[in-house]
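Reader: I have just started learning about protein structures, and I'd love to know how the words in a description are earned. Could we look at one together?

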Amino acid sequence: MSIIKETSPHIHRKDSINRMLGDVIIALLPVSIMSLIAFTYAAMRNILISVAVMVLAEFVFVLITHRIPYDGNKHSLKEQFRNGVKAYRLYHLLGPVVSGMIFALIMPSGSNPGYVIYLALIFGSLFGIVIGKLVFGGMGQNIFNPAVVGMVFAKLCFGSRYVYESTWYVNAVTTGGTVLTNLDSVSISLVGKYAEIGNISTLDMFLGHIPGVIGEGFKFAILIGMVYLFIRRAIDWRVVVPYLGGYLALMAIAGIFVCLKVPGVSYLHFLSFQLFTGGVLFGATFMLTDPVTMPINAPARVMYGLLAAGITVTIRLFGALPEGVAFSILIANTVAPALDHFAYSGNRFTRNKILVICGIFAAFVLAVSLGLGFQEAIR
């Protein structure tokens with residue numbers, strides 16, 4: 001009996017990595033096209049630079065890792081290059097194209113001074129593909145989403161220089177922050193955080209008439225991509241539904257505290273603000289569902305989605321950062337291998353696994369309730 005070792009993603013149907021990557025590219029097209037229409041040069045610059053850097057880095061990686069082994073003969077650079085090119089496959093191109101497009105769409109339209117955005121795009125995309133993927137061995141070996149790694153690196157290094165624009169209004173420009181910036185301080189009360197959200201309509205949030213990165217504002221385009229990926233079975237509902245459902249359920253609890261304290265903010269408007277601002281929908285569709293970095297078995301995927309949801313809510317409500325999606329995805333990526341541990345992995349939803357799922361959600365419910373109550377008690 002021969003044992004064949006294969007890397008993730010592990011697909012339980014007749015499919016291929018190339019088809020899955022192609023489906024993600026197609027799903028990204030509505031958001032990309034809308035970004036090009038709204039931001040024109042800025043969107044084109046983001047996409048071209050990010051994709052080019054990641055594709056080139058992957059190509060160099062293939063050349064390096066497929067050098068002709070030492071056999072006592074001296075091989076020329078031309079021979080080494082040809083050997084590397086022979087090992088280059090279509091997924092070596094499609095993989096970095098997907099990561100590059102996602103990274104480009106979660107970056108801002110510009111910076112102040114203007115040249116900083118080029119540094120952020122080049123170094124962010126390079127760091128993301130190298131540190132987030134290639135150092136682990138390339139396709140199927142990485143534990144972190146490369147686009148998220150690159151975005152976090154670029155944000156930490158260059159974020160203070162970012163300029164955010166809305167998708168349509170040229171005068172809606174802010175430097176260094178978005179509409180979520182008021183949520184980034186734990187030293188102010190709920191009134192201070194949410195008093196102004198009543199001035200932003202749900203329609204404006206849905207259509208992207210608020211400052212943000214170039215790809216997160218087009219919620220209808222993101223939803224089109226999500227539906228397409230569901231139809232093609234390129235993403236798993238057992239990650240998306242627990243993430244969005246858990247996120248909204250926890251925010252619904254937070255909304256009770258907010259609406260009791262903040263006059264003029266309706267319960268539904270608070271929920272729509274939390275859902276349609278930031279990268280919640282984009283992250284749930286294109287980043288959290290990466291088949292390489294998420295767990296393999298079904299119960300673990302539900303735990304994975306709930307864990308990411310709870311961390312996102314915790315960071316948004318209590319953290320020092322306004323947006324918790326990227327960090328929650330990276331933390332969930334870190335925990336994913338443990339959720340797939342052989343001692344308790346499996347696709348059956350046993351009683352113990354259901355209890356763990358309920359326990360994860362209950363823990364975050366308790367944390368949110370106590371956290372908000374304590375936060376207001378010490379004011």
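Reader: Which residues in H13 meet which residues in H14?

Author: From H13 come Ala300, Met303, Tyr304, Leu307, Ala308, Ile311, Thr312 and Ile315. They meet Val325, Phe327, Ser328, Ile331, Ala332, Asn333, Val335, Ala336 and Leu339 in H14. Contact here means heavy atoms within 4.5 Å. A word on the source: this is a predicted model, where local features need pLDDT of at least 70 and side-chain atom pairs count only at pLDDT 80 or more, while totals for chains, interfaces and linings use all residues. Residues are numbered from 1 along each chain as its sequence is written, and side-chain values use heavy atoms, with hydrogens and water left out.

Reader: What makes the labels H13 and H14, and how many helices and strands are there?

Author: Helices are DSSP runs of H or I with at least four residues, strands are DSSP runs of E with at least two, and both are numbered from the N terminus. The protein comes to 15 helices and three strands.

Reader: Why is H13 called roughly parallel or roughly antiparallel to H14?

Author: The axes of H13 and H14 come within 9 Å and cross at roughly 150 degrees. That makes H13 roughly antiparallel to H14, since the label is given to angles over 145 degrees (under 35 is roughly parallel, 65 to 115 roughly perpendicular, and the rest oblique). The axes are lines fitted to C-alpha atoms, for helices over the stretch in contact, and angles run from 0 to 180 degrees between N-to-C directions.

Reader: How do you know that the length of H13 agrees with what is expected?

Author: The expected span is 1.5 Å times one less than the number of residues. H13 (residues 298-318) has 21 residues, and its first and last C-alpha atoms are 30 Å apart, close to the 30 Å expected. For H4, the 16 residues should span 22 Å and the end C-alpha atoms are 23 Å apart, which agrees.

Reader: What makes H13 mostly covered?

Author: Of its 21 residues, 19 are buried. Buried means under 20% relative accessible area, exposed means over 50%, and partly exposed is in between (1.4 Å probe, protein chains only). H4 has 13 of its 16 residues buried, so H4 is largely enclosed by the rest of the structure. Across the protein, buried residues make up 51% of the 379 residues.

Reader: Why is Glu58 called buried or exposed?

Author: Glu58, in helix H2 (residues 41-65), has a relative accessible area of 0%, so it is buried. Leaving aside neighbours within four places in sequence, Glu58 is in contact with His92, Pro96, Ile129, Lys133 and Leu134.

Reader: What about Ser99, buried or exposed?

Author: Ser99 in helix H4 has 10% relative accessibility and counts as buried. Not counting residues up to four places away in sequence, Ser99 touches Met54, Pro146 and Ala147.

Reader: And what is the label for Thr293?

Author: Thr293 lies in the loop between H12 and H13, and at 3% relative accessibility it counts as buried. Beyond neighbours within four places in sequence, its contacts include Asn145, Tyr304 and Asn333.

Reader: Why does Gly22 get its own label?

Author: Gly22, in helix H1 (residues 17-39), has 21% relative accessibility, so it counts as partly exposed. Gly22 and Gly95 are 73 residues apart in sequence, with C-alpha atoms 9.1 Å apart in space.

Reader: What makes Thr40 and Arg233 worth a look?

Author: Most residues other than glycine have a negative phi, and most peptide bonds are trans. Thr40 has a positive phi of about 45 degrees although it is not a glycine; Thr40 sits in the loop between H1 and H2 and is partly exposed at 45%. Arg233, in the loop between helix H9 (219-231) and helix H10 (237-261), also is not a glycine yet has a positive phi of about 60 degrees. At 54% relative accessibility, Arg233 counts as exposed.

Reader: Which two residues does a cis peptide bond join?

Author: Asn112 and Pro113 are joined that way, with omega at about 5 degrees. Pro113 is in the loop between strand S1 (110-111) and H5.
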